[in-house]
Amino acid sequence: TMLIQWLAWSALLSLDWTPGSWAFITTRAQGLRGRIQRDRRNIRPNIILIMTDDQDVELGSLQVMNKTRKIMEDGGTSFTNAFVTTPMCCPSRSSMLTGKYVHNHNTYTNNENCSSPSWQAQHEPRSFAVYLNNTGYRTGFFGKYLNEYNGSYIPPGWREWVGLIKNSRFYNYTVCRNGYKEKHGADYAKDYFTDLITNDSISFFRMSKRMYPHRPVMMVISHAAPHGPEDSAPQYAEHFPNASQHITPSYNYAPNMDKHWIMQYTGPMRPIHMEFTNFLHRKRLQTLMSVDDSVQKVYDMLEETGELDNTYVIYTADHGYHIGQFGLVKGKSMPYDFDIRVPFFLRGPNVEPGAVNPHLVLNIDLAPTILHIAGLDTPPDMDGKSVLKLLEQERTGNRFKPNRKPKVWRDTFLVERGKILRKKDDSVNTQHTNSLPKYKKVKETCQQAEFQTPCEQPGQKWHCVEEITGKWRIQKCKGGSKEGSRKRARSLKPRSNYDRERGCDCGDAVFKPLRTDRRSHRQFSASSGQRYRPRFVHTRPTRSLSVEFEGQIYDIDLQADDQSAVRRRIISKRHHNPEDPEFDLGSDDGSEEMLADDTNAVGYPHSVKVTHKCFILMNDSVHCEREIYQSSRAWKDHKSYVDQEIEALQDKIKNLREVRGHLKRTRPDECDCGKKREAAQEIDEKTQLYNEIRRRKKERKEKKRQRKGDDCSLPGLTCFTHNNDHWQTAPLWSLGGFCACTSSNNNTYWCLRTINETHNTLFCEFSTGFLEYFDLNSDPYQLTNAVYAVDREVLNTLHAQLMEMRSCQGYKQCNPRPKGLDAGGKDGGSYEPHRQQQHRKWSKRRPSLSFL
């Protein structure tokens, strides 16, 4: 032993060894060995995103996908609170690609700006594929891209491209394969879309690893299933004959008068609709069986190539779906959980198998997560965040910093859907008072100081009066407001057709005299000696007065000085003529009716005679003859007479307006009004052009419906027809055709969805001004709109938060911090006051727990 040690020391001395050299040699050898091992596993991991179209969570579609659940759920982490920010195909997919909310990439619907030139120029070059391609990843896309993609180009960032042209199909479709259009037919072995993209993606991965063994791969497999037309593979055509997972508590729960317009319009489904929902759910599950096989094939390929332990696999959908919920036969686009909640699984290196993560993850988190996996930072213009941060904080912290606080994660996000509505008139106040009941609106308005004084403020036009029952009423101030204090909303059109400089009466019907001009004209007329009076006001001085005393009526001559001026009036009883219906005014109590003459029988000067029995007094109160108040029969007859008079006058007004419009259109030109006339003509031409465009568009739609024999489509509604020819693969529909409407043009909304350990809420504002609020802790299926039970202060705070989220840009602004957390990075958002208010309101019912 001593000899061996001596030989070793001699060898070190012969190598000119110095203290520390052994440690250097050991470290260098370990570093070299580690680098070789990293090279063998490609240093950066592979990424595979598997995506489905229209796959729900609430209706139980995952229950039949046993292979997928075993691979992704048991082998990875399940995110149980995964949502999309817009439940529509193209907007959601655009958000997945860019990591942005809809209001930041401007793809609002499946038609508007979907794969448009502006999208291709501004947002498509900033998708996650571009970033990964620039850093050496082998990128490939297989499947459905965007609804309006036409196959004329290859989107930037993709080295291998097999993109479906237009919307989802299983047979008889066309794909763009690396710039060349490739048509497919109806042969299952060659053309079934799910199998085609699965085989192409597996071939691409194998080829990449064979030709470029040290380069990582990122590929997207975007399935059409379970989107319509729901054509399943032949081997699954007989599966699930009794599937009923879609029958939830909200199934056929209709109509919903407390929800927004389309929910009020939609009634209970007919039997044929209910049978269709059962049939549709079954066919959707059958298409998902091929997706289940696809996931298994991809998994087997990763095992065979030895890349399973170095590959992140993400499984999710672009949005959810509803089948019969709230009476809606099928569709998406609603803000409720069945449309915005999606499956979300992640497996890969350092991902705990079988774990369940309750944090909110969104479709806008996909792009930042993929960049994070690739070792890239999240660009500041992306609104989402990497979900890997959630997995990092689950692991054991640094042993040198045992008290390190966890990172902050969102508990609220924005849900937005629909078009940006065109403002018809800027002068119209578009703010609504939250669609509360009328008495609540009035009570809220009357709390303002300007309505609490009885017409005492300068320019006050309205004041509030509290009735004996406790209800509030808003009444107009009579004669208390000054003319100078009245304001009118400005219009875009000029209002004067009187040119005072030239004294020219313009011939355009658009111009009208200003109110100030009319007043000056009245003052000028008054100064000329002729006083202006309304034609319905009595102008003759009162000579006599009728007074009722002890049941008798006396006439008083105001011009006489002696007592002879007072004389009793003889009231003649009205003679009954059964042949004349005008005199049939008998009373129920047997009292005799009296014949009113043309004099002011009420006994007040300057009153206005409205009918032969009722008058308006000087104080603007209405007084009728005594029999109206004593006899129910007389009251009914006189009310009927008044209603008939109103209808007749309304008809006459309508006719007069027609004549007035005709006169305006046919007025002859008298002189040229210069620039005013030209401006009016320009505005009128633009208006006519816009109206003509709209008219032609309606005509084209109507002719198209007539050619197709479509009597289902209705203005403002999104409807569909179904018949025996819709499905071309088994099982076939044989119960005949029907029509159903699924959405409406005014189904535009912005919502706040909040989930943490104390709150589970949904608050929505619709473009119509309607509000909805649901507490899912007590109402998990959103059956009842509870907005009327929420304090107005809370609603105002929610509205302010929603407005801030609607304009957020970047992950620092679009991820509000949960309440009561001072830790973590600066994620932006100023939502702590709202959290505290909600916490104070709801802490009476639930324990106070801090999130994370």
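1. Helices and strands are here DSSP runs, helices having at least four residues and strands at least two, numbered from the N terminus. On that basis the protein contains 21 helices and 26 strands. The model under review is a predicted one.

2. Some totals set the scene. The protein has 852 residues, of which 44% count as buried. Its exposed area is about 47600 Å², with carbon and sulfur atoms supplying 51% of that figure. When contacts between residues at least 6 apart in sequence are considered, 66% join residues at least 24 apart.

3. Ser222 merits a close look. This residue belongs to strand β7, which spans residues 217–222. Ser222 counts as buried because its relative accessibility is 0%, against a limit of under 20% for that class. The side chain of Ser222 makes a polar contact of 2.9 Å with the side chain of Arg93. In addition, a polar atom of the Ser222 side chain lies 2.7 Å from the backbone oxygen of Lys144.

4. The surroundings of Ser222 can be listed further. With neighbours within four places in sequence left aside, the residues in contact with Ser222 include Met51, Phe141, Phe142, Gly143, Phe193 and Ile197. Arg93 and Lys144 are also among these contacts. Arg93 and Lys144 appear again in a network of salt bridges, where they are linked with Asp53 and Asp318.

5. Salt bridges deserve a separate point. Side chains of opposite charge can pair when their charged atoms come close. The structure holds 24 salt bridges. One of them joins the side chains of Lys67 and Asp293, with an N to O distance of 2.7 Å. Lys67 lies in helix α3 (residues 66–73) and Asp293 in helix α11 (residues 271–305), so this pair ties together parts that are 226 residues apart in sequence. Lys67 counts as partly exposed because its relative accessibility is 35%, whereas Asp293 is buried, with a relative accessible area of 16%.

6. Another salt bridge is formed by the side chains of Lys100 and Asp381, at 3.3 Å from N to O. The two residues are 281 apart, and the pair links distant parts of the chain: Lys100 is in the loop between α4 (89–98) and α5 (102–105), and Asp381 is in the loop between α13 (366–373) and α14 (388–394). Lys100 counts as buried because its relative accessibility is 9%. Asp381, at 24% relative accessibility, counts as partly exposed.

7. The side chains of Arg177 and Asp200 also meet in a salt bridge, with an N to O distance of 2.9 Å. Here a strand and a helix are linked: Arg177 is in strand β5 (residues 174–177) and Asp200 in helix α9 (residues 193–211), 23 residues apart. Arg177 is partly exposed, with a relative accessible area of 22%, while Asp200 is buried at 17%.

8. The final point concerns a sheet. Three strands, in the order β19-β20-β21, form an open sheet with antiparallel pairing. The edges are taken by β19 (608–609) and β21 (622–624); each has a single partner strand, so one side of each is left without a neighbour in the sheet. Strand β19 is joined by two bridges to β20 (residues 614–616), and these strands run antiparallel. Within the sheet, Val608 stands opposite Ile616 in β20.

Notes
Residues numbered from 1 in each chain as written. Predicted model: local features only at pLDDT ≥ 70, side-chain atom pairs only at ≥ 80, totals over all residues. Heavy atoms only, no water. Buried < 20%, exposed > 50% of the residue type's maximum accessible area, 1.4 Å probe, protein only. Polar contact = N/O pair within 3.5 Å; in protein donor to acceptor, adjacent residues only side chain to side chain. Contact = heavy atoms within 4.5 Å. Areas by Shrake-Rupley, 256 points an atom, 1.4 Å probe, with all protein chains shown as cover. Salt bridge = Lys/Arg side-chain N within 4 Å of Asp/Glu carboxyl O. Pairing = 2+ DSSP bridges.
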